[in-house]
Amino acid sequence: ADPDPLQDFCVADLSASTSVNGFLCKPASNVSSDDFFFDGLSKEGNTSNIFGSTVTAANVLSFPGLNTLGSSINRVDFAIGGVNPPHSHPRSTETDLVISGQVLVGFVTTGNVYFSKVLTAGEIFVIPRGLVHFQKNVGPGKALIFTTFNSQLPGAAVVPLNLFASTPSIPNDVLTKTFQVGDDVVNSIKSKFGS
Ligand code: GLV
Ligand code: MN
């Protein structure tokens with residue numbers, strides 16, 4: 001979903017004080033093989049958090065060689081019962097590949113139709129661009145998936161954090177009216193996310 005490149009590569013200079021729609025290129029004379037290499041997805045992520053999952057991202061910010069190439073990949077680790085909570089990527093379609101474990105992957109369309117599947121190793125599921133989706137570990141042990149994107153920086157709007165952990169926060173009367181619950185419920189949810 002990113003614009004087409006206008007040269008072979010444009011390794012991002014993340015330190016440049018100005019940027020365009022993406023990042024400026026570091027001089028080609030300073031580019032080496034290491035600029036196209038990233039080992040940040042080789043280690044298991046720490047899943048000790050309320051969701052029992054963690055996303056490790058290889059996007060243009062962590063792997064500047066991806067700049068202008070319209071591609072990125074995440075590693076997502078799951079503890080037993082862990083969930084990667086509902087979220088959407090404004091700039092990318094996502095393809096999920098299960099490496100190990102049993103993972104429920106689901107998305108909901110703009111018409112509120114829910115599609116889902118339980119996947120095991122080697123199986124994939126595609127999430128159309130911009131749609132709200134999640135994964136949950138439904139197997140007896142840990143689970144590991146890789147998620148690939150047709151954007152160097154897909155962005156992630158995480159629904160529970162958007163609604164209940166924004167800065168500043170969304171006024172309670174908006175959330176109580178939206179969800180048809182009282183302040184106690186809204187405050188309880190907000191407190192779970194540290195706000
Ligand atoms: C999973 O949904 C991810 O965005 O990596
Ligand atoms: Mn996603």
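User: Which residue has a side-chain N or O atom 2.8 Å from an oxygen atom of ligand 1?

Analyst: Happy to help, and please keep in mind that this is a predicted model. Ligand 1 has a shell of residues around it, among them Asn 74, His 87 and Thr 147. The 2.8 Å distance runs from an oxygen atom of ligand 1 to the side chain of Thr 147.

User: How much of the accessible area of ligand 1 does the protein cover?

Analyst: On its own, ligand 1 has 190 Å² of accessible area. Its place is the second largest pocket. The share of the area covered by the protein is 98%.

User: What is the distance from the polar side-chain atom of His 87 to an oxygen atom of ligand 1?

Analyst: His 87 is one of the residues around ligand 1. For Asn 74, an N or O atom of the side chain is 2.9 Å from a ligand 1 oxygen. For the polar side-chain atom of His 87, the distance to an oxygen atom of ligand 1 is 2.9 Å.

User: How many residues of the shell around ligand 1 are charged?

Analyst: Let's go through the shell, which includes Val 76, Glu 94, Gln 135 and Phe 149. Two of the shell residues are nonpolar and seven are polar. The charged group has one.

User: Which strands each supply at least two residues of that shell?

Analyst: Good question, and the answer draws on several parts of the chain. The residues around ligand 1 include Asn 74, Val 76, Asn 84, His 87, His 133, Gln 135, Thr 147 and Phe 149. The strands that each give at least two shell residues are β2 (72-78), β3 (83-88), β8 (132-137) and β9 (143-149).

User: How many strands does the chain have?

Analyst: Along the sequence, the pattern is β-β-β-β-β-β-β-β-β-β-α-α-α. The C-alpha atoms fill a box of roughly 60 × 40 × 35 Å along the principal axes. Next to three helices, the number of strands is ten.

User: What is the order of the strands in the open sheet of five?

Analyst: Strands of a sheet pair through backbone hydrogen bonds, either parallel or antiparallel. Here the pairing is antiparallel. At the edges stand β6 (114-119) and β10 (157-158), each pairing on one side only. The full order is β6-β5-β8-β3-β10.

User: Which residue in β6 stands opposite Val 105?

Analyst: Strand β5 covers residues 103-108 and runs antiparallel to β6. Six bridges join β5 and β6. Opposite Val 105, in β6, stands Lys 117.

User: Which residue in β9 is the bridge partner of Leu 97?

Analyst: Strand β4 (residues 94-100) is joined by four bridges to β7 (residues 124-127), and these two run antiparallel. There, Asp 96 has Phe 125 of β7 as its bridge partner. Six bridges also join β4 to β9, again antiparallel. In β9, the partner of Leu 97 is Phe 146.

User: Which peptide bond is cis, with omega near -15°?

Analyst: Look in the loop between α1 (159-164) and α2 (172-179), where Pro 168 has its place. The cis bond leads into this proline, from Thr 167 to Pro 168.

User: Which residue in the loop between β5 and β6 should I look at for backbone angles?

Analyst: Two residues other than glycine deserve a glance here. Thr 68 has a positive phi near 70°, and it lies in the loop between β1 (53-58) and β2. A positive phi near 65° belongs to Asn 112. In the loop between β5 and β6, the residue is Asn 112.

Methods
Residues are numbered from 1 along each chain as its sequence is written. Chains are lettered from A and ligands numbered from 1 in the order in which they are written. This is a predicted model: local features need pLDDT of at least 70, side-chain atom pairs count only at pLDDT 80 or more; totals for chains, interfaces and linings use all residues. Side-chain values use heavy atoms; hydrogens and water are left out. A residue is near a molecule or strand if one of its heavy atoms lies within 4 Å of it. A polar contact is a pair of N or O atoms within 3.5 Å; within protein, one must be able to donate a hydrogen and the other to accept it, and residues adjacent in sequence count only if both atoms are side-chain atoms. Accessible areas come from the Shrake-Rupley method with a 1.4 Å probe; for residues, only the protein chains shown count as cover. On a 1 Å grid over the protein atoms alone, a cavity is a set of points where a 1.4 Å probe fits but cannot get out, and a pocket is an open set with protein on both sides within 12 Å along at least five of seven lines; lining residues have an atom within 4 Å of a point. A molecule sits in a cavity or pocket if more than half of its atoms lie within 2 Å of its grid points. Ala, Val, Leu, Ile, Met, Phe, Trp, Tyr, Cys and Pro count as nonpolar, Asp, Glu, Lys and Arg as charged, and the others, Gly among them, as polar. Two strands pair if DSSP finds at least two bridges between them.
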